[in-house]
Amino acid sequence: MLKHTLAIAIIALTAGCSMTQTPQPTGPQPVNADEFKQAMAAQQTELLAAISAVKDDSRAQIAELDQAITALDQEVKTLGQKQATAAPSQPQVECPPSAIGDKFMLGEVENVFVEELKTSFETRIDTGAESSSLDARNILLFERDGTQWVRFDVFTQGEDKPASTFEAKVVRFVRIKQDTETDDRRPVIHAHLKIGKFSAETDLNLTDRSHLDYPLLLGRKFMKDIAVVDVGQRFIHGK
């Protein structure tokens with residue numbers, strides 16, 4: 001009888017507990033907005049702290065590197081000063097003066113501008129000739145105010161074009177020895193020449209040079225004390 005009563009009591013107690021137990025939710029739980037914001041703020045704070053720590057570490061490394069470079073630069077300067085102090089001074093070697101000096105160089109053939117004729121000529125630079133000469137045709141001597149003058153023609157644009165006529169004062173006459181027994185007496189005029197950027201003055205004797213390759217020839221008198229000739233070159237100062 002006692003066993004039966006005890007079993008009934010246990011069953012009743014169990015049934016009562018089952019009836020008063022709260023049922024458990026079975027779907028996804030709702031998110032608390034405040035708790036989520038607090039969690040995100042905490043994570044953001046941690047991330048910013050980590051970034052700041054990395055920046056501080058980089059600044060420290062850069063500062064150490066700058067100090068090392070400065071120290072190395074100072075060591076190099078100190079070493080250079082020690083070497084300059086220890087090494088004996090070397091005497092400066094003076095170059096010998098140029099054989100050309102202040103003379104300008106001419107090639108075997110140069111382009112020469114004659115101011116009085118306003119024309120440029122391909123010119124032979126000839127150290128074998130003493131004087132300079134210009135190709136002139138129809139040479140005619142005359143007097144003007146008691147002074148000797150000369151009128152002559154020059155093919156300033158080539159022999160296939162008409163010649164130009166010029167007049168100039170005769171400064172003197174010169175005799176040029178020819179292969180024949182007779183001498184060639186030529187009138188001489190004064191002219192201003194320009195070769196590249198160099199300007200000079202010289203005397204030109206007038207003669208027919210139609211049988212020669214160049215209408216203008218410059219001889220030794222022109223080159224003396226102002227120019228030297230390199231026969232291996234042509235048109236050094238431009239064509």
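Which residues have the most contacts inside the largest nonpolar core? In this predicted model, local features need pLDDT of at least 70 and side-chain atom pairs count only at pLDDT 80 or more, while totals for chains, interfaces and linings use all residues. Residues are numbered from 1 along each chain as its sequence is written, and side-chain values use heavy atoms, with hydrogens and water left out.

The largest nonpolar core (buried Ala, Val, Leu, Ile, Met, Phe, Trp, Tyr and Cys residues joined through side-chain atoms within 4.5 Å; buried means under 20% relative accessible area with a 1.4 Å probe, protein chains only) has 27 residues. Those with the most contacts inside this core are Leu-106, Leu-117, Leu-134, Phe-152, Leu-218 and Phe-222. Strand β9 (residues 183–195) gives the most to the core, with 4 residues; strands are DSSP E runs of at least two residues, numbered from the N terminus. Beyond its neighbours within four places in sequence, Phe-152 is in contact (heavy atoms within 4.5 Å) with residues including Leu-117, Leu-134, Ile-139, Phe-166, Ile-189 and Leu-206.

An open sheet of 3 strands runs in the order β5-β6-β7 with antiparallel pairing, where pairing requires at least two DSSP bridges between two strands. Because β5 (137–144) and β7 (164–169) each have a single partner strand, one side of each is left without a neighbour in the sheet. Strand β6 (residues 147–154) pairs with β7 over 6 bridges in the antiparallel sense, and Arg-151 has Glu-167 in β7 as its bridge partner.

Conventions:
Buried < 20%, exposed > 50% of the residue type's maximum accessible area, 1.4 Å probe, protein only.
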